[in-house]
Amino acid sequence: MENTTLSFRYQLEKETPRLGPGGITRGASLEEFPASVGIAGVSMRLQPGGMRELHWHANAAEWAYVITGSARTTIIHPDGNTYIDNFGPGDVWYFPKGYGHSIQATGNTECHFILIFDNGNFSEDHTFSVTDFIASTPPQVVAQNLGITLAEVAQLPKKEAYFALGVNPDERTTIAQPRSVPQLTSMHRYPLESQQPRIVPGGGTQRVVTVNEFPISTTMAGSIIELQPGAMREMHWHPNADEWQYYITGQAEMTVFLAEATAVTENFNAGDVGYVPMGAGHYIKNTGTDVCRILIGFNNGHYEAIDLSQWLAGNPKDVLETNFGIGDQLADKLPKSKLFAVPANQARS
């Protein structure tokens with residue numbers, strides 16, 4: 001039975017954006033995307049020099065993946081330490097809930113990145129900006145706190161800036177904190193694209209970053225998968241996390257199985273967002289003629305997946321024969337190992 005009352009697809013890049021000096025943003029929380037109970041997401045673009053101002057999120061941690069361009073981030077920890085890092089395409093950052101941070105595009109081209117939050121109820125109501133904080137506080141208090149005059153307080157913004165456009169930082173100001181030995185990773189940066197992927201010939205690739213590789217990312221994990229034309233990420237489910245998808249390139253079909261003969265099939269294009277509740281069975285099939293590239297976020301620092309092929313392969317043949325009411329010959333044809341990504345020519349005629 002098909003359930004048509006709930007959609008697991010949201011056309012994020014077709015949403016009317018929020019505009020500001022040097023940046024635009026489109027977001028999908030539970031309000032816009034009712035199926036996405038456990039995770040929210042944002043597509044943000046910053047022009048060179050454009051800044052997402054100093055701010056913090058009270059109800060969610062932030063996990064991000066850079067698609068194009070470059071950016072510099074700053075963050076403060078509760079112990080008073082601050083960290084500065086530079087990011088390029090394929091890099092990931094993670095900021096714990098409540099930690100103040102900023103993001104500024106560097107270089108000469110637009111920086112496009114996807115932000116994923118481990119709470120479907122994430123919204124701007126729970127995002128606190130430094131300009132809004134100061135503008136909402138009595139001027140005398142601000143003057144005393146910052147050690148400036150009331151006339152100087154009057155020069156500060158009278159409302160939230162959200163985006164700010166400044167001089168495009170040059171290489172002297174974009175350099176991250178000095179390190180004696182060059183490093184691929186830092187506390188808040190993980191170069192996911194540099195990771196050697198799992199490869200299934202004719203099927204696709206997968207790169208995964210979890211708390212094991214990226215210790216600061218305690219509440220979220222992420223993955224990039226690529227599917228060849230006609231190939232599919234096989235039928236599977238995640239027992240420990242919800243799944244939030246951003247389709248970077250290509251076209252795909254996904255069915256989400258919700259038990260009791262209920263399944264929802266959706267078709268996706270680049271710029272769309274998909275969602276799968278924890279434990280729900282699903283697959284993703286490339287229905288286009290180009291490689292389908294998908295960013296996937298999970299609201300758990302550990303990645304867990306149970307693939308149908310591996311489950312079947314781990315059972316005695318007589319269990320499969322009894323379960324499916326099939327004979328010996330058909331049972332012998334069922335998978336004997338994990339498939340993960342199934343090539344287009346896998347199906348037998």
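Reader: Which residue forms a salt bridge with Asp91?
Author: Quick heads-up: this is a predicted model, where local features need pLDDT of at least 70, side-chain atom pairs count only at pLDDT 80 or more, and totals for chains, interfaces and linings use all residues. Residues are numbered from 1 along each chain as its sequence is written, and side-chain values use heavy atoms, with hydrogens and water left out. A salt bridge here needs a side-chain nitrogen of Lys or Arg within 4 Å of a carboxyl oxygen of Asp or Glu. With its closest N and O atoms 3.0 Å apart, the pair passes, and the partner of Asp91 is Arg189.

Reader: How many residues apart in sequence are the parts that Asp91 and Arg189 tie together?
Author: Strands are DSSP runs of E, at least two residues long, and helices are runs of H or I, at least four long, all numbered from the N terminus. Asp91 sits in strand 9 (residues 91–95) and Arg189 in strand 14 (residues 189–191), so the salt bridge ties together parts whose separation in residues is 98.

Reader: Are Asp91 and Arg189 buried or exposed?
Author: The cut-offs are under 20% relative accessible area for buried, over 50% for exposed, and partly exposed in between, using a 1.4 Å probe and protein chains only. By that scale, both Asp91 and Arg189 come out as buried.

Reader: Which residue does Arg293 meet in a salt bridge?
Author: Arg293 has 14% relative accessibility, so this charged residue counts as buried. The N to O distance in its salt bridge is 2.4 Å, and the side chain it meets belongs to Glu226.

Reader: Which strand holds Asp307, the salt-bridge partner of Arg233?
Author: Asp307 and Arg233 bring their closest N and O atoms to 3.0 Å. Arg233 lies in strand 18 (residues 232–237) and the pair ties together parts 74 residues apart, because Asp307 lies in strand 25.

Reader: Which strand gives the largest share of the largest nonpolar core?
Author: A nonpolar core is a set of buried Ala, Val, Leu, Ile, Met, Phe, Trp, Tyr and Cys residues joined through side-chain atoms within 4.5 Å. This one has 48 residues, and Trp63, Tyr65, Tyr246 and Leu295 touch the most other members. The largest share, 5 residues at 292–298, comes from strand 24.

Reader: How many residues are in the second, separate core?
Author: Its members include Ala60, Tyr83, Phe122 and Tyr162. The residue count for this separate core is 22.

Reader: Are the rings of Trp56 and Phe128 stacked or tilted?
Author: Among the 13 aromatic pairs in the whole structure, this one has its ring centres 5.3 Å apart and its planes at 10°. Rings of Phe, Tyr and Trp (its six-membered ring) pair if their centres lie within 6.5 Å, with planes under 30 degrees apart counting as stacked, over 60 as edge-to-face and the rest as tilted. At 10°, then, the pair is stacked.

Reader: What relative accessible area does Phe128 have?
Author: Trp56 has 26% relative accessibility, so it counts as partly exposed. Phe128 is partly exposed as well, because its relative accessible area is 36%.

Reader: Which residue lies over the face of Tyr162?
Author: A charge sits over a ring if NZ of Lys or CZ of Arg is within 6 Å of the ring centre and within 35 degrees of the ring normal. Phe340 has Arg198 over its face, at 4.3 Å from the ring centre. Over Tyr162, at 3.7 Å from the ring centre, lies Arg18.
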